Amino acid sequence: MASHELSRIMRPDDANIVGNVHGGTILKMIEEAGCIIGTRHCNTQNGDRCVAALARVERTDFLHPVFIGEVAHVSAEITYTSKHSVEVQVNVLSENIVTGAKKLTNKATLWYVPLSLQNVAKIIEVPLIEYSSPEQEEAGKKRYEAQKLERIETKVRNGEIIISVSLPEPYTVAFSQSSLIHLIGPSDCTLHGFVHGGVTMKLMDEVAGIVAARHCKTNIVTASVDAINFHRKIKKGCVITVSGRMTFTSNKSIEIEVFVDADPLVEAEKGKYRAVTAFFTYISLDKENKPLLVPPLKLEGEEEQKRFEEGKARYLQNKAKRLADKERQQ
């Protein structure tokens with residue numbers, strides 16, 4: 001199967017004030033590697049030239065922090081293809097170039113669709129890959145069907161908005177909720193003139209990080225990202241509003257829901273639309289990078305209670321999955 005690797009040393013502008021590299025920086029590198037290998041594969045056949053556009057990122061765990069001065073090695077491999085989509089699995093290793101020590105920091109799965117360079121509305125058929133066994137192909141097909149169903153389900157929530165509240169009480173949803181506004185420029189975009197998925201994910205991580213920091217008032221780091229769904233493309237010249245709000249807290253973690261809304265300034269008649277949604281999980285750390293207890297979230301109203309219970313169900317489901325994965329590895 002095709003593979004690709006890229007490496008980059010982490011610099012001060014990649015990190016927070018205590019030297020932990022932002023989760024959004026790692027997500028952006030993951031998406032760059034996925035886009036390169038996806039685009040290369042989809043152009044191995046005759047016909048329209050195309051570029052791989054990010055459609056979805058599965059849950060991504062941040063296993064270990066990456067620090068300034070370390071080298072991040074990002075390796076990507078195509079693991080499944082359907083008629084119109086490509087599954088790319090990505091691993092991130094951090095290397096201390098002084099000691100030579102390496103550790104696995106991230107594992108991610110991304111889905112891309114190839115869009116024609118001549119007609120952005122046209123999705124190109126994907127060249128098939130060869131599988132080492134029928135079982136491997138069947139497992140990939142099951143992953144494809146599962147993510148397709150989840151993408152449909154998330155569209156139901158796309159009408160929700162985050163409403164600003166003046167002078168909210170500390171530790172409430174309203175107190176920490178945050179928004180960021182960004183104009184999509186040429187440097188943010190692909191050859192098509194649509195924003196790179198990695199750019200969007202980095203902005204989402206920044207907003208989620210602000211929400212977590214406002215709630216905890218400590219050093220916070222990205223622990224994981226649940227599935228990121230890219231519902232609609234964002235074009236150059238759009239103004240995007242990235243909004244985040246807390247949905248759940250456990251003793252040591254915070255779940256934050258993030259929306260990206262796009263507003264086409266030039267084609268204003270098309271109206272504002274929901275482009276991307278995801279859930280980010282953060283943990284609070286002390287000066288020695290050890291986990292701290294998270295202040296409980298104060299809930300106000302039935303909607304916040306409902307979102308909290310949904311977040312709790314996701315938390316328990318992910319916790320059970322981690323324990324099952326750990327048992328299988330032993």
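UniProt positions are given in the numbering used here, and its annotations may be inferred rather than shown by experiment. Keep in mind, too, that this is a predicted model.

**Exercise 1. Find which residues UniProt annotates as "active site", and work out why they can be said to gather at one spot.**

Solution.
Step 1: Look up the record. The "active site" annotation, from an unreviewed UniProt entry, covers Asn16 and Asp205.
Step 2: Weigh sequence against space. These residues span 190 residues in sequence, yet no two of their C-alpha atoms are more than 12.1 Å apart, so they gather at one spot.
Step 3: Check the pockets. The lining of the second largest pocket includes both Asn16 and Asp205.

**Exercise 2. Decide whether asparagine 16 is buried or exposed, and describe its surroundings.**

Solution.
Step 1: Place the residue. Asparagine 16 sits in the loop between β1 (3-9) and α1 (23-42).
Step 2: Apply the cut-off. Buried means under 20% relative accessible area. Asparagine 16 has 18% relative accessibility, so it counts as buried.
Step 3: List the contacts. Once neighbours within four places in sequence are left aside, asparagine 16 touches His22, Asn219 and Ile220.
Step 4: Follow the side chain. From asparagine 16, the side chain reaches the backbone nitrogen of valine 18 at 3.0 Å.

**Exercise 3. Do the same for aspartate 205: is it buried or exposed, and which residues is it in contact with?**

Solution.
Step 1: Place the residue. Aspartate 205 belongs to helix α4 (residues 197-216).
Step 2: Use the accessibility. With 4% relative accessibility, aspartate 205 counts as buried.
Step 3: List the contacts. Setting aside neighbours within four places in sequence, aspartate 205 meets His22, Gly23, Gly24, Thr222, Phe280 and Tyr282.
Step 4: Put the two lists side by side. His22 is in contact with asparagine 16, and His22 is in contact with aspartate 205 as well.

**Exercise 4. Find out how many residues the largest nonpolar core has, and which element gives the largest share.**

Solution.
Step 1: Count the residues. The largest nonpolar core has 73 residues.
Step 2: Find the source. Helix α4 supplies the largest share of this core, nine residues.
Step 3: Look at the domains. Domain 1 (3-128) and domain 2 (173-305) each give at least three residues to this core.
Step 4: Pick out a well-connected member. Met204 is among those with the most contacts inside the core, as is Phe280. Beyond neighbours within four places in sequence, methionine 204 has contacts that include Ile228, Val242 and Phe280.

Terms used: Residues are numbered from 1 along each chain as its sequence is written. This is a predicted model: local features need pLDDT of at least 70, side-chain atom pairs count only at pLDDT 80 or more; totals for chains, interfaces and linings use all residues. Side-chain values use heavy atoms; hydrogens and water are left out. On a 1 Å grid over the protein atoms alone, a cavity is a set of points where a 1.4 Å probe fits but cannot get out, and a pocket is an open set with protein on both sides within 12 Å along at least five of seven lines; lining residues have an atom within 4 Å of a point. Helices (H or I, at least four residues) and strands (E, at least two) are DSSP runs, numbered from the N terminus. Buried means under 20% relative accessible area, exposed over 50%, partly exposed in between (1.4 Å probe, protein chains only). Contact means heavy atoms within 4.5 Å. A polar contact is a pair of N or O atoms within 3.5 Å; within protein, one must be able to donate a hydrogen and the other to accept it, and residues adjacent in sequence count only if both atoms are side-chain atoms. A nonpolar core is a set of buried Ala, Val, Leu, Ile, Met, Phe, Trp, Tyr and Cys residues joined through side-chain atoms within 4.5 Å. Domain bounds come from an automatic or database domain assignment.
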